[in-house]
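Here are some short notes for a colleague coming to this entry for the first time. Please read them with the structure open.

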Protein chains: 6
Amino acid sequence: MKILVVNVNTTESMTDAIAASARAVASPGTEIVGLTPTFGAESVEGNFESYFAAVGVMDAVTRYEGSYDAVVQAGFGEHGREGLQELCEVPVVDITEAAGHVASLLGHKYSVVTTLDRTVPLIEDRLKLAGLDARCASVRSSGMSVLELEERPKDAVKAIVAEAELAVTHDGAEVICLGCGGMAGLDEAVAAATGVPVVDGVTAAVKLAEALVGLGLTTSKTRTFAAPRQKRVSGWPLSPGTGPVK
Amino acid sequence: MKILVVNVNTTESMTDAIAASARAVASPGTEIVGLTPTFGAESVEGNFESYFAAVGVMDAVTRYEGSYDAVVQAGFGEHGREGLQELCEVPVVDITEAAGHVASLLGHKYSVVTTLDRTVPLIEDRLKLAGLDARCASVRSSGMSVLELEERPKDAVKAIVAEAELAVTHDGAEVICLGCGGMAGLDEAVAAATGVPVVDGVTAAVKLAEALVGLGLTTSKTRTFAAPRQKRVSGWPLSPGTGPVK
Amino acid sequence: MKILVVNVNTTESMTDAIAASARAVASPGTEIVGLTPTFGAESVEGNFESYFAAVGVMDAVTRYEGSYDAVVQAGFGEHGREGLQELCEVPVVDITEAAGHVASLLGHKYSVVTTLDRTVPLIEDRLKLAGLDARCASVRSSGMSVLELEERPKDAVKAIVAEAELAVTHDGAEVICLGCGGMAGLDEAVAAATGVPVVDGVTAAVKLAEALVGLGLTTSKTRTFAAPRQKRVSGWPLSPGTGPVK
Amino acid sequence: MKILVVNVNTTESMTDAIAASARAVASPGTEIVGLTPTFGAESVEGNFESYFAAVGVMDAVTRYEGSYDAVVQAGFGEHGREGLQELCEVPVVDITEAAGHVASLLGHKYSVVTTLDRTVPLIEDRLKLAGLDARCASVRSSGMSVLELEERPKDAVKAIVAEAELAVTHDGAEVICLGCGGMAGLDEAVAAATGVPVVDGVTAAVKLAEALVGLGLTTSKTRTFAAPRQKRVSGWPLSPGTGPVK
Amino acid sequence: MKILVVNVNTTESMTDAIAASARAVASPGTEIVGLTPTFGAESVEGNFESYFAAVGVMDAVTRYEGSYDAVVQAGFGEHGREGLQELCEVPVVDITEAAGHVASLLGHKYSVVTTLDRTVPLIEDRLKLAGLDARCASVRSSGMSVLELEERPKDAVKAIVAEAELAVTHDGAEVICLGCGGMAGLDEAVAAATGVPVVDGVTAAVKLAEALVGLGLTTSKTRTFAAPRQKRVSGWPLSPGTGPVK
Amino acid sequence: MKILVVNVNTTESMTDAIAASARAVASPGTEIVGLTPTFGAESVEGNFESYFAAVGVMDAVTRYEGSYDAVVQAGFGEHGREGLQELCEVPVVDITEAAGHVASLLGHKYSVVTTLDRTVPLIEDRLKLAGLDARCASVRSSGMSVLELEERPKDAVKAIVAEAELAVTHDGAEVICLGCGGMAGLDEAVAAATGVPVVDGVTAAVKLAEALVGLGLTTSKTRTFAAPRQKRVSGWPLSPGTGPVK
């Protein structure tokens, strides 16, 4: 089984970290391929960047030339999953939703601890559309930007743990979801500090993707996620080698 | 006052029709400028096209060189409004939401009649995020594609009226919203046939944009819609003249 | 265009202030007529007073002898809008709902800052019925009564700003609505202090009323707001000159 | 124990029927006093009439000179209960809510069958504010006006039974609430025809009022339903003998 | 009228206290019979114990040999009420739901103050299924276990009052529900300290049961609560005298 | 890895079928152990049976003497999962919730097709508590009892397909969940007939259980699902060999 794990930003070191994290939980026989969009923002922390990332991710997956069995979109709270579901025949799993589904299996309520405050509403919106808001106790911001997670990992853990503890004691969370693809690998430290299960979206998504493939199930093509209709689309795909946008 | 009315597809005749519709209700002194994305789909009827359109609309607005007082995004049920709100200092009004807000002022419940069945969930999702779902009785599909609206206007009116009548008699709708930018101009015919107020998103959005400008109010820059952070974004803007995506 | 702006209490100085506020944003050619009920409470801060005000407002509008194009009901959180919609052929806009609709166009979530704590549930109920609760972060009380707003404007601004700041920092509000018709004119001071857009219901309602009239749309008469059925109604209208209630 | 049962319309024969129905279930030692407003509509079937009735009911209760232990507001879907709760020290029970509470104790979901279609949204709104909507499967209209219930009882039962059966078979209702004070007395016929429990709001409210009095509990005066503040209220009370409205 | 009041735990002194509390509000002519399950936990404070209690309660009621007119299940937040409704022809009232219904008649919002924090989610879930969550401001834990309520009544009152006051001042509650069958009898002390109405589920349930019997209404047998189908059930009933489970 | 798959009824042939179904999707290295309660109903189709089954399942798992890595509760819509989560250190997956989570990853909305109409509300309630109701388009009954599924498999498929098709065309479902553990194995036939993905709860639960184990995650023991407190519990465990209930 081969799973494409697509970063939403253009920082390749983050793609590598995400892919490594994915590989750490992948079953024997599951190959993980990390993809980085060829355009977009170096980190995604807002709506403009997220919409641009949605297109960057679709572009990267569309251009990928090998075969694959599932796609994981590795941006927490980002747009675009529905577009991928139209374009792909194989299952698509978004890490935001993967985290929410897995957390729901582990406790009565869960909280998300994410990066900057401005990304909180994006995550809330994605959870609402996914129907995962009813058991979400809170989405909290650690105040750390995506890039700071890489640069100052100790401070990041400290800030995340502080919010996670508030989520547990104040909001009633029994499980914590790490609210950024770039937090992959911090789960153990946060779990040790808080005493509750900590879900990382990337690893959760890989295991859910494996589960769907194992079940022989894929995205319904009946209505919302039917393949795009045949029509004139100019400027697609976008990435270099296919010439300028026309 | 100058309002940019941005089509979400690349069909210029549709941009012209939308702009004409906008001008028909604009107050004296309001200038309407129609914009067409330089790339994208000829009609937007699904998630891939809609996400791509979101970027096309942001690109078109970003590249517009004059000044303006408000932006209307003229795609019913499409993605991208939140990105525009980050990029613009002036108010941004999405026609889906404009229709819902205006309809809410006119009746106890409203329904939307849109084009293809596959776009129904997109509209439902946008209304849910906008908090406009509680008073939405139903979103119904006429079965007509966006381009068929232009090509077979009589059939379109017939199909829309049939669904609108079901919305009123069966779903409890007291107001009908036309669920496609390309339906601008059909409101009178549908109103005559059904006897209920019919809201066209484009004209509604223009009047709401005028209202916001008249109130001296614009998008809050405090959190969700703060300007994007300074960071490296490659490949932006996308359109020709700015070179290939890098 | 002529818009009736109806105060819900019997304090004429407040009607004057409301009307002045309305005129400040009215488009050229829009005439504002302030109406005061001939009976009722000098300020409305509870359910008994609000239900009595509903009848007072309907009485005042019914007895108005000129023609008009729209009605604004200028009581925040008060009952009665649905009755006016039955009695009038022209659009009716309630300032509570106008504020909520406008705020929804400007930020991801909004809060209301009102007068006394006891009025909070009334406002919450009106927003819930209007379907405007999903994006309302909180309704907060400043602790100032309606009449204190007039008598101690500086203290009022201070108290409102304090709650508005909590709404922004604690509740996640990105926009503030002033939750009392008598707060008209305080928006600039509160905006300056908090840095977020501040919506006054009266001015918002005037612009929405102008928008509806400009769109040629009025209340649906299909079901909920059909004109009252022909029947025996004793004691109506209520006001002097029409004799005692029989 | 003495319970005031207040009709919302001015038709005394209906007050008599309601009081008789109340007496039929009252415990030994419970006295039922029927009150009719001295002004208002002969039947209440819309918002204008309902708001006017709210004031008529408050007027009637305020002017009542004896002591009493509880008040039942006998208008299904009507406004005003919250005002009565402010004005009274004793418990106030609205028949709409009483029916919903009792029905919730008897089945998984319940439906309401009411009079004219135009009153459906009023009932839906009252149930929503009361938090009784989650288990309400539907509110259905029999098409019979309030006065027709009196004039054509056999047709009324037939029309109500038809809708009740649809509620059970189509909407999943397991209990039916009679959605009009004037339907008191029809419960047995409807129960016999449908085989499900049928709740009449008037009798339900009487028993709930007895329960509250028996528990020694009354309306909380802490916030929403605190007594009206001392202030100038002109024109109150409204009814004859107190002179014209000033 | 005879009402079975069934404790959910095996502590007979608690059954006695509950029955005494029930008798204190029962109408003349209402006989209260307290039942204790013959197996189960000495106190119920979690899901395992609660599910076991559900079966213990059904067993106790099934084996009761006399006739009776209603059943009260006296465990706050516990499972099992739906099973009793299937097994009994007479009305069944759960004290959690009884408290919520009565509280809803007394104030705009109510809170529950219960025992241990771990029982909060059970209560929240029961209120959600009963449709009583919309007006529930909060469920708060006093930190006292069920057995501590008996052993340290003064500390219990103190802890409950502290949380009740927070519910009123911080959560907007206007009514407090005592969230444990073992709190019966503490209502007056808590009401005196907080100034708001305090609802005890046991007494509330008794009066609601009397109301239902007085109305001649019982559980709908149409769908959810139809009697169990004829089939092979081994090991039932469970209690001694009927032999070991087979 | 070893997964206990616990049937909720006492029909061993059904346990065998469920276990076979589980084994068909289990990863290499995953051992499936089927458990049958030693007491309970031969099929579970209502609340009494379901509550009794909850205890039977807890009894069976508690008495199981080997070690295991996860538990699957194989009753669609049944009670008891929360109790198991308290008693077990390993992850517990309920097939109702597993089906809902997996279906949510495959389409915009899903429907459940179950056995008898009386079980529909049980399933709706479980989905509501699991937060899986927002994307559930409908729960439909095939009219077939659990035992008829075994006896008349062809009729069962026909009846299920008929409802599944209505769910897709009428309710907007894009995925179908088979709403009974006894339907395991019918997924291919239903998928072939309807053209949409069909999720069987048993297989879905096995793969989710494997995913949780693979992630090294288990139930949070922080609050709701902490182990039962030390206390006197009489009559437990229930099954033969441990003597009669005391």
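1. In this predicted model, the lining of the largest cavity is made up of 27 residues. Those that lie nearest its centre are C:E82, C:R126 and C:L129 from chain C, with D:H79 and D:L129 from chain D.

2. Several elements give two or more residues to this lining. In chain C they are helix 2 (47–63), helix 3 (81–87) and helix 5 (120–129). In chain D they are helix 2 (47–63) and helix 5 (120–129).

3. The space in the largest cavity comes to about 260 Å³. By residue class, its lining holds nine nonpolar, ten polar and eight charged residues. Rolling a probe the size of a water molecule over the atoms is what shows where empty space is left.

4. How are chains A and B related? A turn of 180° with a shift of 0.0 Å along the axis lays chain B on chain A, with an RMSD of 0.0 Å. This is therefore the relation of a two-fold axis. Both copies use the same surface, since 100% of the contact residues of chain B recur in chain A.

5. A single residue of chain E also deserves a look. E:T15 sits in helix 1 (residues 12–25) of chain E. Is E:T15 buried or exposed? Its relative accessible area is 4%, and buried means under 20%, so E:T15 is buried.

6. Which residues does E:T15 touch, leaving aside its neighbours within four places in sequence? E:T15 is in contact with E:N7, E:G34, E:L35 and E:T36.

Key: Residues numbered from 1 in each chain as written. Chains lettered and ligands numbered in written order. Predicted model: local features only at pLDDT ≥ 70, side-chain atom pairs only at ≥ 80, totals over all residues. Heavy atoms only, no water. 1 Å grid on protein atoms, 1.4 Å probe; cavity = no way out; pocket = protein on both sides within 12 Å on 5 of 7 lines; lining within 4 Å. Points joined across faces, edges and corners; volume = space filled by probe spheres on them. Helix = DSSP H or I, 4+ residues; strand = E, 2+ residues; numbered from the N terminus. Nonpolar A, V, L, I, M, F, W, Y, C, P; charged D, E, K, R; others polar. Buried < 20%, exposed > 50% of the residue type's maximum accessible area, 1.4 Å probe, protein only. Contact = heavy atoms within 4.5 Å. Least-squares fit on C-alpha atoms with pLDDT ≥ 70 in both.
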